[in-house]
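Hi everyone, thanks for making time for this. I'd like to walk you through a structure that may be new to you, so get comfortable and have a look.

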Amino acid sequence: MAAQEVQPNETLASLKTESETLKTKLEEERAKLHDVELHQVAEKVEALGQFVMKTRRTLKGHGNKVLCMDWCKDKRRIVSSSQDGKVIVWDAFTTNKEHAVTMPCTWVMACAYAPSGCAVACGGLDNKCSVYPLSLDKNENLAAKKKSVAMHTNYLSACSFTNSDMQILTSSGDGTCALWDVESGQLLQSFHGHAADVLCLDLAPSETGNTFVSGGCDKKANVWDMRSGQCVQSFETHESDINSVRYYPSGDAFASGSDDATCRLYDLRADREVAIYSKESIIFGASSVDFSLSGRLLFGGYNDYTINVWDVLKGTRVSILFGHENRVSTLRVSPDGTAFCSGSWDHTLRIWA
Amino acid sequence: MAQATQDQGVMGTSDQDEDSPNMIVYRKIEDIITRIQDETEGVPIRTVKSFLTKIPSVVTGSDIVQWLMKNLSIDDPAEAIHIGSLIAAHGYIFPISDHALTLKDDGTFYRFQAPYFWPSNCWEPENTDYAIYLCKRTMQNKTRLELADYEAENLARLQRAFARKWEFIFMQAEAQVKIDRKKDKTERKILDSQERAFWDVHRPVPGCVNTTEMDIRKCRRMKNPQRVKKSVYGLADDTQSQSPVHTASQHTRKDTKEDVEKEILFLNTQLDRHCMKMSKVAESLMGYTEQYLDYDPFLSVPEPSNPWISDDCTFWELEVSKEPSQQRVRKWGFSLDEALKDPVGRDLFLKFLESEFSSENLRFWLAVQDLKRRPLQEVPARAQEIWQEFLAEGAPSSINLDSHSYERTSQNLKDPGRYSFEDAQDHIYKLMKSDSYTRFLRSNAYQDLLLARKKPETEQGRRTSLEKFTRSVGKSLTGKRLTGLMQSS
C-alpha cells in the first residue's frame, strides 16, 4: 500500500480521524500475530535457582544524589555524576577514586565513558554535553581540557559514545536526540519525533547496525535510524514517563522502565510489547533497567530504593535487593556481565554480584 | 490550625497535574490507605487505654504488616515492612511516639494522616510556617509537645533568621494556640500528632530521607510551576517565593497538521512491515538466552571465579592472555557478529581469509567500520582512500560488488560521507556470512582451537599433529621395539 496522498484541503480534524483509523487497523494487524504469550512458551524453560546477590563494593564519595553512571570497557572502572556537579572516575574493584571533575552546573544527569577509556562525557542542567580527556597525571586539572560538544535548548538527560570516541549521541529535555562529531562539535544528525522530554537512550548492540532506541515523557519508546534521522518504529503502551531503555543483548528487543511502576519488553520483529514486569506491591517508578549478558535476567532500579530482578522469559520476579537508602537512579551491568552497578540518591554507588 | 475540619478532602486539585509521576504514586498509596482503613476489610483502628490516659485512633505496626502481606500479595515480611516504611516516609501513616517515619513489625502504635496534610496536596511549606509551628509548641506545657534536640536547634536558627519579624511569628503562634484550645481534648491529641507527622515529612529528622525532594526533570510538568505557596496556617503570601524549578520552556506540544501528516505516513509504513509471529519471537528469545547461558556470570559461575566475589582477578587476566579459552572460541561460532566483535576471533578469521586469498572483503568491511568512527574532518579523504584501495578500476584489493551497489557507491563518493559505503558494506557482510564464515568454522585453524583445550587445567599446550601421530603409533606397536621407525620420524 503506497503512502496516501494528503489532500491540501483536509482539516486537522479529518487527518486525526484518519490517523486514529490507521492506528486501530495497525493494532488489529499486530494482534493477529499474537498467537501466544512469551511466558506461556517459556513454561518449558528450566526455572532459575535461588540467587545470592550481594553488595560487593560500596563507593562513597559523592556529596549529593548520584544521578548517572557508566562502565569503562576494561570492566572495572566506572564514571559517575551527581547533583552537586561532581563527576568521579573510580576503579570500582579497589574503590579508589582516580579522577574528579567539578562541573559548572548542578544536576549532572548524564555521563558516559569513551570506548577507548581515555575520556568521559557529561552534562545536565547546563544543556550541554562536554567531553573531558582523562589524564594520567593526577595533578592535571581536567577541567582545563574540557571540550563542549553538544548544545541543546534544555537539560541533557542522557549521552552515549557510539562505537568510537569520535561521536556522541545525546537526548534532551528539549524533546530531541542528536548525534555529534566530538572533534568539531558539529551536529551530524538530529532526531525529532518525541512530543515531550526525552529521558533516555540506548544504542543497538550490533556491529553492523545504525539504530538506537529512546524513551520519553510522552510515554513513547522510539527506534531511530541514525543515518536518516527517521523514526522507524514506535511503541506506546506505558502509562507514564519512560525513564530508561535498554536493548536485549541480541538487539532484537529492548526493555523499558517507567514511572507507571512497570518494566516492559518490546520485540522489534513482532513490533509490539511482549512482556510486562510488574507486581501489586511495586508502586514506585522504575528509574533504570539493564539485562544480564544472556538476556535471561532484567535488573530494575526503582524509586522505592530497591532493585528487582526479573526472569525475562517467565515474567516473574526472582529476587528483590535491599540496601540503598534512597531512590535508585541509575543501573548498569558491567561489560562482561560479572556484576552490575547501581547509583542512588543516598549518595552512594553499589556493585552487586 | 488553619484546616477547617478533620474530614476536609484534598485541597485545590486544580493545582495538580494528575498524570505527573509523583501523583501517580500518591494515588496508589492513597488507594492502599483507604483500603487499609476500611471498616470490614481493613485493620482495626482502636482507642487504647494506657496508664491514666487513652490513646485514640491507633493501629499496631504488625497489624499493618499483616494487612499489607495479605492484600498486596507479599510473601516476605521484609518487603511488607519496606513498603510500609515508604508509605510512612511519605507521610501517610506515622508512629505516634517517634519523629522517624518507619514501620516496625511489632506493637508500636501508628496513626493515619489527615487528608488535609497528604503530599498529593503539593505542600511546600515555608520556614515561616515551620517557625510558627515550633514556636507554638513551646507555648503549650505538654510533655508530649516538648521539642526534640534537632527541633530546638531549628527553632534557634529560625529565631536568628527571622529576628526582625519574630514578633509577627510569635503572634501567629499565639493565635494558633487559641484556636487549638477550643478543640475537644481527644481531637486535639490526634490533630497534634498529625501536624507533627506533617512536619516530620517536610522538615525530617537529620539523617532521615527527605521524601519531598523532587526529580528536577519532572518538576516542570506541574500545571502551576511557579506555584504560589499555600501557608499551612493560612497566612497571606507575604513570603511568596518561587519553587527552584528549571525554566519551563516547553510543555507537551500540540499536534500541528504537519505532525499528523507525518504520523499517517509513519503508520502506513508500519502497516507494510512484515512482522514475526509471537510464537517464533518467543522461540528466538529463548534460543538466544539458552545459547548464552554459559556466558552469563549471573547464571554460570565464571572460571576460576567471579573477581567481584573472590577478589581474584584471574578471570580477567585470562581474557587478555594470548590463548583464548575454548568457551570463548565456541562463541565465535554463534554468529559472524560474535567473531568480528572479538579482536582475537577477528584476527583468526582474517588469517584464514588470507590463506584463501580473499581477505579483501574483511579488510574492506573493517576499513568502512573505521571510517564511521573517524572525526568528520577526516572522512572525505579516508573515503577516497577506501575507494582507491578496494573499488576503483585496477584497485589493489579489488572487492566484488554487484553492479547496483557499485553504481550507488560511485555516486555517493561524489559527496563522500560516513555512510557512503553502507550498501557496499552490507553486501560484503552478507557475502562473508554466507560463504567465507561457514568455511572458516570448518577450517583446521578454527577447529584446532575449538577442540584443543578439552581439559584446560591439565593441558600443557597444543601438541603438533606430528607428535600426536607418533604417540598413537607408539601405542599401537605394543611390545615391539621399532626404534628405527620412531627415530626416522
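Let's begin with one cysteine: A:C105 counts as buried, because its relative accessibility is 12%, under the 20% cut-off. Keep in mind, please, that this is a predicted model.

So which cysteine sulfur is closest to that of A:C105? The one in A:C122, and the two sulfurs are 8.1 Å apart, too far for a bond. To count as a disulfide, the sulfur atoms would have to be within 2.5 Å. A:C177 is in no disulfide either, since its nearest cysteine sulfur, in A:C200, is 8.8 Å away. A:C177 is buried as well, with a relative accessibility of 1%. How many disulfides does the count give over all chains? The count comes to 0.

Now, on to where the two chains meet. Chain A brings 120 residues to the contact, and chain B brings 95 residues. Between them they bury about 9500 Å², and 60% of that is on carbon and sulfur atoms. Which residues of chain A lose the most area to chain B? They are A:E207, A:R269 and A:I283, which together make up 8% of what that side buries.

What about charges across this contact? There are 8 salt bridges between chain A and chain B. One of them pairs A:K23 with B:E263, with the closest N and O atoms 3.5 Å apart. We also have 37 residue pairs in polar contact between the chains, counting pairs with both residues at pLDDT 80 or more. On the chain A side, helix α1, residues 12-32, gives the most to the surface touching chain B, with 11 residues. That side of chain A divides into 57 nonpolar, 28 polar and 35 charged residues.

Before I stop, here are a few backbone details to find on your screens. In chain B, a cis peptide bond joins B:E303 and B:P304, with omega about -5°. B:P304 sits in the loop between α10 (278-291) and α11 (307-310) of chain B. After α11 comes another loop, leading to α12 (314-320), and B:D311 is found there. B:D311 has a positive phi, near 65°, in a residue other than glycine.

Chain A has a positive phi to show you too: A:Y305, also not a glycine, has phi near 80°. Look for A:Y305 in the loop between β23 (297-302) and β24 (307-311) of chain A. Is A:Y305 buried or exposed? At 11% relative accessibility, A:Y305 counts as buried.

That's my tour, and thanks for listening!

Definitions and conventions:
Residues are numbered from 1 along each chain as its sequence is written. Chains are lettered from A and ligands numbered from 1 in the order in which they are written. This is a predicted model: local features need pLDDT of at least 70, side-chain atom pairs count only at pLDDT 80 or more; totals for chains, interfaces and linings use all residues. Side-chain values use heavy atoms; hydrogens and water are left out. Contact means heavy atoms within 4.5 Å. Buried area is the accessible area (1.4 Å probe) that two parts lose on being put together, summed over both. A salt bridge is a side-chain nitrogen of Lys or Arg within 4 Å of a carboxyl oxygen of Asp or Glu. A polar contact is a pair of N or O atoms within 3.5 Å; within protein, one must be able to donate a hydrogen and the other to accept it, and residues adjacent in sequence count only if both atoms are side-chain atoms. Helices (H or I, at least four residues) and strands (E, at least two) are DSSP runs, numbered from the N terminus. Ala, Val, Leu, Ile, Met, Phe, Trp, Tyr, Cys and Pro count as nonpolar, Asp, Glu, Lys and Arg as charged, and the others, Gly among them, as polar. Buried means under 20% relative accessible area, exposed over 50%, partly exposed in between (1.4 Å probe, protein chains only).
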